Amino acid sequence: MSTRKIAVLTSGGDAPGMNAAIRAVVRTGIAKGWEVFGVRNGYSGLVEGQIDPLGARDVGNILQRGGTFLGSARLPGFKDEPVRATGLANLSDRGIDGLVVIGGNGSQTGALALSRAGLPVVGVASTIDNDLAGTEITIGVDTALNIALEAIDRLRVTASSHKRAFLVEVMGRNCGYLALMAGIAGGADSVVIPEADTEPEVIAQILQAAWTRGKPHALVVVAEGARHNAVKLAQHFEREKGRLGFDLRVTTLGHVQRGGEPGAFDRLLATRLAAAATDCLERGEHGRLMGLWQGQIRTTPLDEIVGQTKPLDLSLLKLQKVLAQ
Ligand code: F6P
């Protein structure tokens with residue numbers, strides 16, 4: 001019987017831990033006696049045929065590095081069937097009959113479409129947004145959160161020296177997970193997330209109450225996807241500065257949050273999920289996402305998670321408000 005051949009790609013926004021996941025796919029695949037290929041630059045590279053064999057040594061010394069050494073991309077055109085057909089033909093020309101897709105929502109939508117076209121595909125949940133259904137936590141979010149926290153802690157230092165109010169915007173697309181967790185762990189006075197709209201005047205009252213209670217600083221964490229994001233809140237507070245009597249300094253963390261070296265949690269999560277992905281292919285199960293549930297690996301059909309919104313635990317927002325007193 002000929003050797004099985006599988007490929008691995010990373011797609012969408014990169015996330016710390018993607019390299020650890022690639023390494024685990026390659027080495028667990030080789031341990032099963034398979035040949036493993038790496039697809040460069042996500043679905044773009046798949047369509048352009050950028051597919052090369054990967055050996056165990058090719059993935060040496062990447063475990064601890066952020067980003068993805070295979071490269072990543074967003075390819076909106078992948079939703080078109082003829083574009084996907086080109087990608088599928090590039091795999092079959094090389095005799096590849098299995099694919100591991102490491103990425104978030106958009107990437108797993110592409111994975112589902114390939115699976116429906118008959119390719120054995122498994123997904124590995126990876127995005128700093130932690131908005132993917134089918135898993136409690138995704139690869140990269142823990143490291144991104146720690147980067148946001150480091151920035152928040154530093155801002156608190158200078159905020160205290162100057163008795164200032166600071167607003168920090170974090171990523172997360174339409175999901176408030178990063179902002180809420182950063183707000184709780186960073187001791188924010190207020191957290192603004194898409195899942196619970198907050199009017200600027202409510203934030204102003206919270207900040208004023210913080211001064212009244214004698215706090216030396218005030219801190220607001222805002223999710224980029226909130227209706228009142230950093231730009232909108234900055235405009236409001238600039239307009240109302242005279243009436244409110246304080247300045248709000250704004251820091252937008254942006255892509256800084258994605259570029260870190262993965263911490264222990266993300267390296268381990270990535271390794272476990274990616275190893276589970278090759279096990280899944282070996283069992284002949286596919287069209288599934290590898291995720292984590294109550295500490296255990298859980299596989300969920302891609303068609304049950306694609307297009308779904310993972311609910312945020314809003315009891316944690318109540319807790320944040322209590323703790324901010
Ligand atoms: O999905 C990850 C993410 O970092 C989001 O938090 C953010 O909205 C988006 O990607 C930014 O995308 P890009 O890197 O394409 O600007």
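Colleague: Before we look at the ligand, what counts as a pocket here, and when does a molecule sit in a pocket?

Modeller: A pocket is an open set of grid points with protein on both sides within 12 Å along at least five of seven lines, and a molecule sits in a pocket if more than half of its atoms lie within 2 Å of its grid points. Please keep in mind that this is a predicted model.

Colleague: OK, so where does the ligand sit?

Modeller: By that definition, the ligand sits in the largest pocket.

Colleague: And which residues surround the ligand there?

Modeller: The ligand is surrounded by Arg74, Ile128, Asp129, Met171, Gly172, Arg173, Glu224, His255 and Arg258, a shell that divides into 5 charged, 2 polar and 2 nonpolar residues.

Colleague: What lies 2.5 Å from an oxygen atom of the ligand?

Modeller: That is an N or O atom in the side chain of Glu224, while a backbone N or O atom of Gly172 lies 3.1 Å from a ligand oxygen, and a polar side-chain atom of Arg173 lies 3.4 Å from a ligand oxygen. The ligand taken alone exposes 400 Å², of which the protein buries 75%.

Colleague: Switching topic, which domains does the protein have?

Modeller: The domain assignment gives domain 1 (5-140 + 262-305) and domain 2 (143-258); their C-alpha centres lie 35 Å apart, and 13 residues of domain 1 are in contact with 10 residues of domain 2.

Colleague: Why does the ligand lie between them?

Modeller: Both domains give residues to the shell around the ligand, and therefore the ligand lies between domain 1 and domain 2.

Methods. Residues are numbered from 1 along each chain as its sequence is written. This is a predicted model: local features need pLDDT of at least 70, side-chain atom pairs count only at pLDDT 80 or more; totals for chains, interfaces and linings use all residues. Side-chain values use heavy atoms; hydrogens and water are left out. A residue is near a molecule or strand if one of its heavy atoms lies within 4 Å of it. A polar contact is a pair of N or O atoms within 3.5 Å; within protein, one must be able to donate a hydrogen and the other to accept it, and residues adjacent in sequence count only if both atoms are side-chain atoms. Accessible areas come from the Shrake-Rupley method with a 1.4 Å probe; for residues, only the protein chains shown count as cover. On a 1 Å grid over the protein atoms alone, a cavity is a set of points where a 1.4 Å probe fits but cannot get out, and a pocket is an open set with protein on both sides within 12 Å along at least five of seven lines; lining residues have an atom within 4 Å of a point. Ala, Val, Leu, Ile, Met, Phe, Trp, Tyr, Cys and Pro count as nonpolar, Asp, Glu, Lys and Arg as charged, and the others, Gly among them, as polar. Domain bounds come from an automatic or database domain assignment. Contact means heavy atoms within 4.5 Å.
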